[in-house]
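Please open the model in your viewer and keep the selection tool at hand. The tour moves from a pair of helices to a group of strands.

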Amino acid sequence: MGSSVTKMQLPSPAKLNLFLHITGQREDGYHELQTLFQFIDLCDTLDFSLTHNNHISISPPIEQLPTKDNLIYKAAKLLTPFKKDPAFGIDIILTKQLPMGGGIGGGSSNAATALLALNVLWECHLSLERLAELGVQLGADIPVFIMGFAAFAEGVGEKLQKVELNTPYFLLLKPNCHVSTGQIFTDKYLTRDTPPIRISHALKLGGHNDCLDVVKKHYPEVNEAYLWLKDHGDAKLTGTGACLFLAFDNLRDAERVRSSTPKKWQSWVCRGSNTSPTHAALNQWIEQNRG
């Protein structure tokens, strides 16, 4: 990589959990789960500028989130020991599009995008598998964004098997609330003993989201949006929420239902994808900046 090339821009996509089964709880408190991850073409954008001041800066500041608690910052700190030059630093500008607390993996995606970018800009030369091992320390959703393919996931979400899924259009709804993952996973009424299923069953028959009833109980806004969306088809919750989604065979039907969505909820029509746009953009950047 030429030293004059110091800037990179990458998209940071959202994911959906097409189902989420909680099959057990480990002694360390983490939950064992099975899920199908698929990307959607709704993305944040991260701009990276290489510096030589050994400093990590992230802007703009996020309200009520100190920099040291930002997953992007934590991701950069994780890679610090692997930098080719100890003087390397980074300026990162985050352009936010994905809602926080929505269950679509925004923070995890941002952290994964930072790991992928800094691995190149800081010339760490780590494999994707090694980056995923590092990333899972920060969040169970991070490995799927690092690996960049739609996946059937087990364990805490880090054991991934690549899958090819249909890529429908989705109507995504975000009720006006921020769901606390910790609150949902510690609720005593959460189902934690769903029998494990085979990947073939997951691909053919799908599944449900074990968090749905608990989320609806704690967050009336999610319950209201779920009941509204259910009138239009097989409404589902992603992750621990708050976002709900519904799949459509074509764009026209998805836009038609979106046009009648109550204005108090954020809504998007997006497309499912089996590969992450982050990797396509990163590979293109590497191609252009070889030598």
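This is a predicted model, and the first stop is a helix pair whose crossing is right-handed: select helix 2 together with helix 3. The residues that take part in this contact comprise four nonpolar and two polar ones, with no charged residue among them. To see them, display the side chains of Leu-115, Leu-116 and Asn-119 in helix 2, which meet Leu-128, Leu-131 and Gly-135 in helix 3.

Now turn to the geometry of the pair, with residues 106-121 selected for helix 2 and residues 128-135 for helix 3: their axes come within 11 Å and cross at roughly 130°. Because angles that are neither under 35 degrees, nor over 145, nor from 65 to 115 count as oblique, helix 2 is oblique to helix 3.

Next, select strand 9, residues 244-248. How many of the five residues of this strand are buried? Four of them are, so strand 9 is largely enclosed by the rest of the structure.

With strand 9 still highlighted, add strand 7, residues 169-174, which runs antiparallel to strand 9 and is joined to it by five bridges. Within this pairing, look for Leu-172, which stands opposite Phe-245 in strand 9.

Then add strand 8, residues 236-237, which is also antiparallel to strand 9 and is connected to it through two bridges. Here Lys-236 is the residue that stands opposite Phe-245, the residue of strand 9 that Leu-172 also stands opposite.

Finally, follow the chain from strand 8 to strand 9, which form a hairpin with six residues between them, and stop in the turn at Gly-239, where phi is positive, at about 60°.

Technical notes: Residues numbered from 1 in each chain as written. Predicted model: local features only at pLDDT ≥ 70, side-chain atom pairs only at ≥ 80, totals over all residues. Heavy atoms only, no water. Axes fitted to C-alpha atoms, helices over the stretch in contact; angles between N-to-C directions. Helix = DSSP H or I, 4+ residues; strand = E, 2+ residues; numbered from the N terminus. Left-handed = near helix turned anticlockwise from the far one by under 90°. Contact = heavy atoms within 4.5 Å. Nonpolar A, V, L, I, M, F, W, Y, C, P; charged D, E, K, R; others polar. Buried < 20%, exposed > 50% of the residue type's maximum accessible area, 1.4 Å probe, protein only. Pairing = 2+ DSSP bridges.
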